[in-house]
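This report describes one protein chain and its ligand for a reader who has not met the structure before. Please keep the sequence and the 3D view at hand while reading.

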Amino acid sequence: MGGQAAAFVAAVKDFHHRVHRAHRGALYSPLFSVSSAPSVVNLVLKLRLARAAAKIPNSSRNGPSIRSGRKRSISLVPISTETGFGSPEGRLRVAKYDVAIIGSGPGGYVAAIRAGELGLKTVVVEKDPFLGGTCLHVGCIPTKVLLHHAEVYDHFKNGAELGFEVSGLKINWGNVLARKDKIVKKHAKGIEFLFKKNKVEWVQGWGRYEGPGRVSVEKDGKKTQIEASNILLVSGSEARALPGIEPDHKTILTNRSILELPEIPKTLIVVGAGAVGVEFASIYNSFGTQVTILEALPRVVPVEDEEISAELDKTFRKKNIGIFTQAMVESVKKDAKSVTVTFKDKDGKSQTLQAEKLLLAVGRKPMTDNCGLEKSKAKVERGAVHVGPYMETAEKGLYAIGDIVFGLPLLAHAAMMEGIAAVTHIAGKTAPAIVKERIPNATYCEPQIGSIGLTEKQARDAGYAVKTGKFPFVGNSKATILGNHGGFIKVVSDEKYGEVLGIHIIGPLATEILAEAAAVLHLEGTIDDMMSMMHAHPTVWEGMGDAFASVRGLQINV
Ligand SMILES: Cc1cc2nc3c(=O)[nH]c(=O)nc-3n(C[C@H](O)[C@H](O)[C@H](O)COP(=O)(O)OP(=O)(O)OC[C@H]3O[C@@H](n4cnc5c(N)ncnc54)[C@H](O)[C@@H]3O)c2cc1C
């Protein structure tokens with residue numbers, strides 16, 4: 001082989017290696033990669049899809065038409081007391097639904113809407129009288145409303161810096177909570193509208209898997225059943241408690257009860273410095289509460305890159321938020337007005353703190369009890385469900401989605417994409433792969449954090465020759481205009497091929513400019529690809545261009 005040909009072959013091999021290393025190595029978890037082969041079971045559904053595509057009415061469809069404008073109700077078969085199910089033995093069992101979904105949180109409602117769009121006859125079972133789950137009612141949305149209000153309040157407080165004289169500034173807490181509730185209600189109604197639009201039916205009651213193709217629905221002591229070819233369990237999670245420390249929802253709070261406080265507490269102890277803990281710490285700090293965080297691990301936001309944790313720690317302390325890491329809570333005592341926490345600090349000394357309220361933000365536990373999983377072959381570990389490709393459990397036709405899935409992050413957008421992957425597979429179409437390392441993380445405290453991919457340590461541990469770059473927002477003119485130029489963007493890349501392995505942002509609009517980071521990782525971009533991409537000026541976003549260039553020492557603005 002001539003020198004040129006050999007060089008060409010080497011270059012092709014190199015390229016091949018670069019593009020496919022992600023598929024072999026740490027970037028892809030084989031457990032969650034999804035192929036496109038449709039299952040035999042789903043061939044039946046193809047007929048339905050073809051019919052839907054040809055707009056042939058499906059005579060077996062239950063419920064009144066959407067066009068009629070009448071309220072949609074689903075026909076449920078009362079359970080026979082003898083057999084436990086309505087269908088008499090020996091009857092040819094025809095599945096009434098293609099998909100039954102237990103739970104209407106982001107995993108459930110997104111799966112349902114996509115299933116409807118794909119022409120699958122779909123029903124959702126929800127225990128609550130409203131749709132939207134944790135995320136909409138007591139998670140993502142209400143916390144972001146409060147964070148937005150806290151940010152606006154911060155702007156007023158710093159009005160003088162912008163040339164405004166602000167006097168008589170007061171928080172009307174009742175109005176703040178009312179706006180939060182209005183937004184939540186509006187979006188819950190929005191999901192109802194989208195269900196109607198996509199011919200998704202829903203029923204209120206406790207859903208339980210009863211065996212292949214069967215879901216029971218229990219409400220007010222009455223049990224009915226639904227038959228469906230495929231069942232998605234999307235029952236979500238709830239706040240964990242610490243042993244011996246039960247929330248009373250007046251003094252010892254969870255993410256639910258802290259959203260309903262009648263007034264802003266003067267003092268607050270937050271146990272746990274994960275995303276939920278630091279968001280509430282940030283909200284109440286802005287509203288004037290003296291906040292102290294107790295975290296058992298050595299750093300705040302422990303899943304983030306170490307430099308991100310250090311920056312948040314520094315900024316929070318500057319804002320007068322107290323932080324104790326490696327703090328082990330030993331006891332919590334409460335009286336009518338306050339709560340007293342005793343903990344061992346990192347030097348092993350016993351310390352005591354007192355506050356009006358305490359928030360338990362020590363993680364979430366999957367809600368899979370009493371959902372009928374024991375009637376399936378699904379593998380359950382500490383309440384979480386193992387899944388294979390397309391989110392299917394070891395029980396054929398039973399899928400698990402969202403916060404109940406073992407080994408995937410508890411995030412709304414992860415739940416949404418998992419739901420889409422499951423129903424797309426059920427419809428016999430090419431389903432998106434769920435790649436754990438490409439799930440973006442967004443934490444909306446002030447300063448915001450946005451991250452995706454491998455941290456520097458994870459990349460080194462995975463054996464990469466790591467090259468990092470860092471751009472501080474202090475060099476970004478738009479950040480200065482916003483009066484918010486703390487923090488940085490850190491890029492973790494593979495030295496040899498310039499492949500972008502991870503991006504970690506702390507600072508202004510971090511959760512928004514994360515969009516570019518997610519796209520780069522999704523499209524397996526390199527530092528060179530990104531350095532040749534134009535970023536609009538002046539934007540906070542253009543900091544990304546400087547951050548990529550800083551890996552090569554070619555940043556412009558610092
Ligand atoms: C304070 C807080 C803030 C958060 N902020 C964010 C954020 O900003 N971004 C983000 O991505 N994630 C955030 N999360 C996480 C996010 O809320 C969850 O990852 C997401 O809600 C999971 O969706 P899910 O569909 O799996 O479950 P859920 O949203 O928990 O929904 C489950 C649904 O199932 C219903 N259900 C349960 N069991 C049954 C049953 N047997 N029968 C019928 N219905 C049943 C429940 O009533 C509920 O409606 C936050 C969480 C918290 C607590």
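The text below goes from the whole chain to the ligand, then to one sheet, and then to single residues.

## The chain as a whole

The model is predicted. The chain contains 14 helices and 25 strands. It has 558 residues, and 44% of them are buried. When contacts between residues at least 6 apart in sequence are considered, 66% of them join residues at least 24 apart.

## Around the ligand

Which residues come nearest to the ligand? Among the 34 residues around it, they are Gly-103, Gly-105, Gly-133, Gly-236 and Gly-402. Sorted by class, the shell around the ligand holds 14 nonpolar, 16 polar and four charged residues.

Several elements supply at least two residues each to this shell. The helices that do so are helix 3 (106–117), helix 4 (133–138), helix 5 (140–157) and helix 9 (412–426). The strands that do so are strand 3 (122–126) and strand 5 (206–211).

## A parallel sheet

One open sheet consists of five strands in the order 9-16-10-11-12, and its pairing is parallel. Strand 9 (252–253) and strand 12 (322–324) are at the edges; each has a single partner strand, so one side of each lacks a neighbour in the sheet.

Strand 10 covers residues 267–271, and four of its five residues are buried. In the strand order, strand 10 is placed between strand 16 and strand 11. The table gives three of the pairings in this sheet, with one pair of facing residues for each.

| Strand pair | Bridges | Facing residues |
|---|---|---|
| strand 10 and strand 16 (residues 357–360) | four bridges, parallel | Leu-268 and Lys-357 |
| strand 10 and strand 11 (residues 290–294) | five bridges, parallel | Ile-269 and Thr-292 |
| strand 11 and strand 12 | three bridges, parallel | Ile-293 and Ile-323 |

Helix 7 packs on the sheet and touches strand 10, strand 11 and strand 16. The direction of helix 7 makes about 165° with that of strand 11. Helix 7 spans residues 275–286, and together with strand 10 and strand 11 it makes a right-handed β-α-β unit.

## Two buried residues and their contacts

Ile-401 is located in the loop between strand 20 (398–400) and helix 9. Is Ile-401 buried or exposed? Ile-401 counts as buried because it has 34 C-beta neighbours inside 10 Å, and 20 or more are needed for that class. Leaving out residues up to four places away in sequence, Ile-401 touches Gly-107, Ala-111, Leu-232, Val-234, Met-391, Ala-415, Glu-418, Gly-419 and Ala-422. Ile-401 and Pro-106 are 295 residues apart along the chain, while their C-alpha atoms are separated by 9.7 Å.

Val-520 belongs to helix 12 (residues 510–522). Val-520 is buried, since 23 other C-beta atoms lie within 10 Å. Apart from neighbours within four places in sequence, Val-520 is in contact with Val-500, Gly-525 and Met-530. The C-alpha atoms of Val-520 and Glu-499 are separated by 9.5 Å, and these residues are 21 apart along the chain.

## Backbone details in loops

Two peptide bonds that lead into a proline are described here. The bond from Glu-446 to Pro-447 is cis, and its omega is near 10°. Pro-447 is in the loop between strand 21 (441–443) and strand 22 (448–453). His-537 and Pro-538 are also joined by a cis peptide bond, with omega about -5°. Pro-538 is in the loop between helix 13 (527–531) and helix 14 (543–551).

Lys-199 is not a glycine, yet its phi is positive, at about 55°. Where is Lys-199 placed? Lys-199 is in the loop between helix 6 (173–197) and strand 4 (200–204). Lys-199 counts as buried because it has 20 C-beta neighbours inside 10 Å, and the class begins at 20.

Tyr-390 is not a glycine either, and has a positive phi of about 60°. Tyr-390 is found in the loop between strand 19 (384–385) and strand 20. With 23 other C-beta atoms within 10 Å, Tyr-390 is buried.

Notes: Residues numbered from 1 in each chain as written. Predicted model: local features only at pLDDT ≥ 70, side-chain atom pairs only at ≥ 80, totals over all residues. Near = placed C-beta within 6 Å. Nonpolar A, V, L, I, M, F, W, Y, C, P; charged D, E, K, R; others polar. Buried ≥ 20, exposed ≤ 12 C-beta atoms within 10 Å, placed from the backbone. Contact = placed C-beta atoms within 7 Å. Pairing = 2+ DSSP bridges. Right-handed = clockwise from strand over helix to strand, strands pointing away. Axes fitted to C-alpha atoms, helices over the stretch in contact; angles between N-to-C directions.
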